[in-house]
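Trainee: I should like to learn how to read a protein model, feature by feature. May we work through one together?

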Amino acid sequence: MSAIPSSLQQLVGRALIDTEFRRSLVSDVRGTLAKEGFAFDDVTIAAIEAATKDPERVRSFSDTFQSQFLARGEYAA
């Protein structure tokens, strides 16, 4: 397994549970990735940018995840 899937899992997981990180990612994908030490190819970065284009949708998904999983203690924040 390559490092990219593992790094991508870390990125998505952190974006789901870390509000400030998620806000930073939505406002500046490339800058946040570089600042946080994530290294992805251009295709993956473009996919992340596309997925974060709608901040309200990202926030809504995260809120749902948190209420359904974190609130029940299934994941440690």
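Mentor: The discussion below goes from the overall layout to single residues and pairs.

Trainee: What should I know about the model before I begin?

Mentor: This is a predicted model, in which local features need pLDDT of at least 70 and side-chain atom pairs count only at pLDDT 80 or more, while totals for chains, interfaces and linings use all residues. Residues are numbered from 1 along each chain as its sequence is written, and side-chain values use heavy atoms, with hydrogens and water left out.

Trainee: How is pLDDT to be read, and which helix has the lowest mean value?

Mentor: The term pLDDT denotes the predictor's confidence in each residue, from 0 to 100. Where pLDDT is low, the predicted coordinates should not be read in detail. The protein averages 84, and 83% of the residues score at least 70. Among the elements, helix α5 (residues 55–70) has the lowest mean, 79, whereas helix α3 (residues 29–36) has the highest, 96.

Trainee: How many helices and strands does the protein have?

Mentor: Helices (H or I, at least four residues) and strands (E, at least two) are DSSP runs numbered from the N terminus. Here there are five helices and zero strands, giving the pattern α-α-α-α-α along the sequence.

Trainee: What does "buried" mean, and what percentage of the residues is buried?

Mentor: A residue is buried under 20% relative accessible area, exposed over 50%, and partly exposed in between, with a 1.4 Å probe and protein chains only. Of the 77 residues, 25% count as buried.

Trainee: Which residues of α2 are buried?

Mentor: They are F21, R22 and L25. Seen down the axis of α2, these buried residues fall within an arc of 100°, so they line one face of the helix; the arc is that of the directions from the helix axis to the C-beta atoms. The face turned away from that buried side carries the exposed residues E20, R23 and S27.

Trainee: What is found at the start of α2?

Mentor: A polar contact is a pair of N or O atoms within 3.5 Å; within protein, one must be able to donate a hydrogen and the other to accept it, and residues adjacent in sequence count only if both atoms are side-chain atoms. At the start of α2, a side-chain oxygen of D18 reaches to within 3.3 Å of the backbone nitrogen of E20.

Trainee: How should a salt bridge be read, and how many are there in the whole structure?

Mentor: Side chains of opposite charge can pair when their charged atoms come close. A salt bridge is a side-chain nitrogen of Lys or Arg within 4 Å of a carboxyl oxygen of Asp or Glu. A search of the whole structure finds six. One of them joins R23 and E20, with the closest N and O atoms 2.7 Å apart. These two residues are three apart in helix α2, separated by about one helical turn. R23 is exposed, with a relative accessible area of 53%, and E20 is exposed with a relative accessible area of 53%.

Trainee: What does the salt bridge between E49 and R30 tie together?

Mentor: In that pair, the closest N and O atoms are 2.9 Å apart. E49 lies in helix α4 (residues 42–51) and R30 in helix α3, so the pair ties together parts that are 19 residues apart in sequence. E49 is partly exposed at 26% relative accessibility, and R30 is partly exposed at 41%.

Trainee: Which salt bridge is found within helix α5?

Mentor: R59 pairs with E56, the closest N and O atoms being 2.3 Å apart. Both lie in helix α5, three residues apart, about one turn of the helix. Salt bridges that share partners also join R14, D18 and E36 into one network.

Trainee: Where does R22 lie, and what surrounds this residue?

Mentor: R22 lies in helix α2 (residues 19–27). Arg and Lys count as positive and Asp and Glu as negative, with His and the chain ends not counted. R22 is buried yet has no salt bridge; D63, the nearest side chain of opposite charge, is 4.7 Å away. A polar atom of the R22 side chain lies 2.7 Å from the backbone oxygen of A15. Contact means heavy atoms within 4.5 Å; not counting residues up to four places away in sequence, R22 touches A15, L16, I17, V58, R59, S62 and Q66.
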